[in-house]
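Trainee: Hi, do you have a few minutes to go through this structure with me? I'd like to ask things as they come up.

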Amino acid sequence: MPKSVWYQELSWPEIVEHAKKCDIIILPVGSIEQHGPQCPVGEDSLNVQKMAERVAKRTGVLIAPPIWYGAHMYMQYGFPGTIPIRSDVLKQFVKDVVTGLVKNGFKKVIIFNGHGQQWVLVGALHELALETKAFIAVITWWELVRKLIEEVCETPLVHADEVETSVALELYPELVDMSKAGKESAPTIVDKKWFGHPTRTVPEEGGIPHHNITASYFQVDVYKLGIIGDATKATKEKGKKIVDAVVDKLCEFIEELKRKYPPGVSPLENPPKV
Ligand SMILES: [Zn+2]
């Protein structure tokens, strides 16, 4: 095991040596966004960084220097605390970082996402696959444990709510102030039945994925606290169940990659004989 799981804390010879033994690396990408009065604005970034640390310690993979800022959907703009990066800027930035990691010997890159910006990261993935031939996965933590979230929590994951606040209570309780937690909802432009929420992108009866419609008013106009849901139901116990499940799933994924493709082997460049 290297002296640190973080790429930026190692020397270049240590990085070169590590990539020869394990060429899988996790790149955490989050956001700087208001998460209600009870949680820090770095929540999305902190979540993936801290979960990645648990995964790295179990699997021996390294973690790339994290990207703290993220791209934002239109309705999140203007709320105090939030600092959005333009989506084309984030896409190019992620592409440069991943290209640099691949050039340093990491042929398998897991972009570990903590914010609703999949449309940007998936766009980067398809261009990177053509340009680098590396193995790349965009893994958004809640997408790994959709069903479990519905079992553990009473309300669905949207934003700064029961789910996100529970996860924060498990990962960095010292930064969470539950005395400020609240419950909020707001009217939408079309009926809720037409569009999904982040963990269930399409409503069960069919409809429009959450990212594909301007169904929400600007949050700063219709929310006082910035909690889209009910943060008062959050507990550390719920957060632990969710975090443990995400970490288990990601470890399982990494172990499969290790088993199937030894270090230095890029699956796209080594297709099976047919
Ligand atoms: Zn969040």
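Trainee: Which residue in S4 does valine 109 stand opposite?

Mentor: That would be isoleucine 136. Keep in mind as we go that this is a predicted model.

Trainee: Noted. In what sense do S3 and S4 pair, and over how many bridges?

Mentor: They run parallel, with six bridges between S4 and strand S3, which covers residues 108–113.

Trainee: And what order do the strands of the open sheet come in?

Mentor: The order is S2-S1-S3-S4, four strands with parallel pairing. At the edges sit strand S2 (62–63) and strand S4 (135–140), each of which pairs on one side only.

Trainee: Which helix lies across S3 and S4?

Mentor: Helix H4, residues 118–132, and its direction is at about 170° to S4. In the loop between H4 and S4 you'll find lysine 133. Its phi is near 60°, a positive value in a residue that isn't glycine.

Trainee: How exposed is lysine 133?

Mentor: Lysine 133 is partly exposed, at 37% relative accessible area. Alanine 160 also has a positive phi without being glycine, near 55°. Alanine 160 sits in the loop between helix H5 (146–152) and H6, and it is buried, with a relative accessibility of 0%.

Trainee: Switching topic: what holds the zinc ion?

Mentor: The protein donors are His35 through NE2, Asp44 through an OD atom, and Glu164 through OE, listed twice. They lie 1.9 to 2.7 Å from the zinc ion. Along the chain, the donor spacing reads H-x8-D-x119-E.

Trainee: Why is the arrangement of the four donor atoms called irregular?

Mentor: Because the angles they subtend around the zinc ion run from 52 to 146°. To count as tetrahedral, all the angles would have to lie between 85 and 135 degrees.

Trainee: Where along the chain do histidine 35 and glutamate 164 come from?

Mentor: Histidine 35 is in the loop between strand S1 (24–29) and helix H2 (43–59), while glutamate 164 belongs to helix H6 (residues 162–171), so the pair ties together parts 129 residues apart in sequence.

Trainee: Are those two buried or exposed?

Mentor: Histidine 35 is buried, at 0% relative accessible area. Glutamate 164 is buried as well, at 3%.

Trainee: Since you mention H6, what about glutamate 170: which residues does it contact?

Mentor: Glutamate 170 is in helix H6 too, and it counts as buried at 9% relative accessibility. Leaving aside neighbours within four places in sequence, its contacts are Arg54, Lys236, Gly239, Lys240 and Val243. The C-alpha atoms of glutamate 170 and glutamate 237 are 7.4 Å apart, although 67 residues separate them along the chain.

Trainee: Now the nonpolar side. How many residues are in the largest core?

Mentor: There are 42, and those with the most contacts inside it are Ile26, Met51, Phe112, Trp141, Ile242 and Ile254. The elements giving it two or more residues are S1, H2, S3, S4, H5, H6 and helix H8 (236–260). H8 gives the most, with nine residues.

Trainee: What does isoleucine 242 touch?

Mentor: Beyond its neighbours within four places in sequence, isoleucine 242 contacts Trp141, Val145, Leu148, Ile149, Val152, Cys153, Val163 and Val167. There is also another core, apart from the largest one, with 27 residues, including Ala71, Val102, Leu125 and Val138.

Trainee: Great, thanks for walking me through it!

Definitions and conventions:
Residues are numbered from 1 along each chain as its sequence is written. This is a predicted model: local features need pLDDT of at least 70, side-chain atom pairs count only at pLDDT 80 or more; totals for chains, interfaces and linings use all residues. Side-chain values use heavy atoms; hydrogens and water are left out. Donors are N, O and S atoms within 2.8 Å of the metal (3.2 Å for Na, K and Ca); water is not among the atoms, so sites may look incomplete. Four donors count as tetrahedral if all angles lie between 85 and 135 degrees; four count as square planar and six as octahedral if opposite donors are over 155 degrees apart and all others between 65 and 115; anything else is irregular. Buried means under 20% relative accessible area, exposed over 50%, partly exposed in between (1.4 Å probe, protein chains only). Two strands pair if DSSP finds at least two bridges between them. Contact means heavy atoms within 4.5 Å. Axes are lines fitted to C-alpha atoms, for helices over the stretch in contact, and angles run from 0 to 180 degrees between N-to-C directions. A nonpolar core is a set of buried Ala, Val, Leu, Ile, Met, Phe, Trp, Tyr and Cys residues joined through side-chain atoms within 4.5 Å.
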